[in-house]
Amino acid sequence: MRQIAIVSNPLSSTDRSKQVPEDLMSLLRKKGISYQHFSGEWPSSWDGFTDAWVVGGDGTMNRFINQYPDISIPLSPFKGGSANDFSWMLFGDATVAEQAAKALDGEPTWVDAGECNGRLFINGAGIGFDGAIVKDLIGKSKQGGKASYLFSVLRHMTYYSEKNCEIRSAEQSLSQECFMISVANGRRYGGGFCVAPEAVANDGKLDVSIVGRISALKRMKYLPVIEKGAHLGLPFVKYFKTGEVEIRSATALPAHLDGEFLSSDRFHIRCLPKKFLFRL
């Protein structure tokens, strides 16, 4: 017998984050399926629940997996945040009803996660330029979604300076100036920027994309190219897949995990194959 936990983020300010749980509860009532909605305080135990439906963006999903790193029941992320890139990777542009159908009838499938400095991420880690953007958005309203992200991107284009980084993995060993480094499990973040177009969320690998030194003018020119995921052939871009990578810098670099800010001069990042179950 199905018993579904609907978990939402009480701090989310988007209209969608408030409406989606209501839509899901209405749908389950019509189907006669038992559920419980958790908004303020999330469950202390998953005993008795068969599924967890997580309503929110990538940041809500990040909070969820770090609070429940050993959860074993199938998960389903429903778009309800300002950036829903991991949910998009799994379900595309499916409506709430279409995704609920998959969440009810889909096959439980193992999906990888990443770990950076002991903290989990599900979609991706961004170091350098991306981290500076996330830092800039802390405390600001997320109602603008992608528009807010894009405005911050454009504002940082002219003055963010490259930092020298050492990058070590079994596949690559290099030292160079880096504008941004993405270590991704999903294909896109920031509300639609396809930074890792070849990423597969259950291949046991993370996709590393390194953008080296690039002038302010070229940053503006190639931003739409990166957004579309057509940047892998550019001369200042390096791209490879790995199970583990270490990134070091002489100074602390701004970074993010699924849009959640952190800062460090060392990032030890590894893939955790088949970490969580999702109904797909």
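**Exercise 1. Which residue in β14 is the bridge partner of E244?**

Solution. The model is a predicted one.
- Step 1: Locate the strands. β13 covers residues 244–257, and β14 covers 260–279.
- Step 2: Check the pairing. β13 and β14 pair in the antiparallel sense, over 10 bridges.
- Step 3: Read off the partner. E244 is bridged to R270 in β14.
- Step 4: Inspect the turn. Two residues lie between the strands of this hairpin. D258, in the turn, has a positive phi of about 55°.

**Exercise 2. Find how β14 runs relative to β5, and which residue stands opposite W110.**

Solution.
- Step 1: β5 spans 108–116.
- Step 2: Eight bridges join β5 to β14, and the two run antiparallel.
- Step 3: Opposite W110 stands L277 of β14.

**Exercise 3. Describe the largest nonpolar core and the place of F276 in the contact network.**

Solution.
- Step 1: Count. The largest nonpolar core holds 28 residues.
- Step 2: Name the hubs. W46, F64, I71, F276 and F278 have the most contacts inside this core.
- Step 3: Assign elements. Two or more core residues come from each of β1 (3–8), β3 (51–56), α2 (58–67), α3 (85–91), β5 and β14. α3 gives the most, with four residues.
- Step 4: List the contacts of F276, leaving aside neighbours within four places in sequence. Among them are I65, Y68, P69, I71 and L75. W110, V111, L120 and I122 are also included.
- Step 5: Set the context. In soluble globular proteins, nonpolar side chains tend to be buried together.

**Exercise 4. Is R188 buried or exposed? Find its side-chain polar contact with D85.**

Solution.
- Step 1: Place R188. The residue sits in the loop between β10 (180–184) and β11 (206–211).
- Step 2: Apply the cut-off. Buried means under 20% relative accessible area. R188 has 19% relative accessibility, so R188 counts as buried.
- Step 3: Find the polar contact. The side chains of R188 and D85 are joined at 2.7 Å.
- Step 4: List the surroundings. Beyond neighbours within four places in sequence, R188 is in contact with D85, W88, N123, F193, C194 and V195.

**Exercise 5. Compare the radius of gyration of the protein with that of a compact globule.**

Solution.
- Step 1: For 280 residues, a compact globule would have a radius near 19 Å.
- Step 2: The protein has 19 Å, which agrees.
- Step 3: Add the extents. The C-alpha trace spans about 60 × 35 × 30 Å along its principal axes.
- Step 4: Add burial and surface. Buried residues make up 55% of the 280. The protein exposes about 12200 Å², with 52% supplied by carbon and sulfur atoms.
- Step 5: Take the inventory. The protein has seven helices and 14 strands.

Terms used:
Residues numbered from 1 in each chain as written. Predicted model: local features only at pLDDT ≥ 70, side-chain atom pairs only at ≥ 80, totals over all residues. Heavy atoms only, no water. Core = buried A, V, L, I, M, F, W, Y, C linked by side-chain atoms within 4.5 Å. Buried < 20%, exposed > 50% of the residue type's maximum accessible area, 1.4 Å probe, protein only. Contact = heavy atoms within 4.5 Å. Polar contact = N/O pair within 3.5 Å; in protein donor to acceptor, adjacent residues only side chain to side chain. Rg over C-alpha atoms; globule rule 2.2 N^0.38 Å. Areas by Shrake-Rupley, 256 points an atom, 1.4 Å probe, with all protein chains shown as cover. Pairing = 2+ DSSP bridges.
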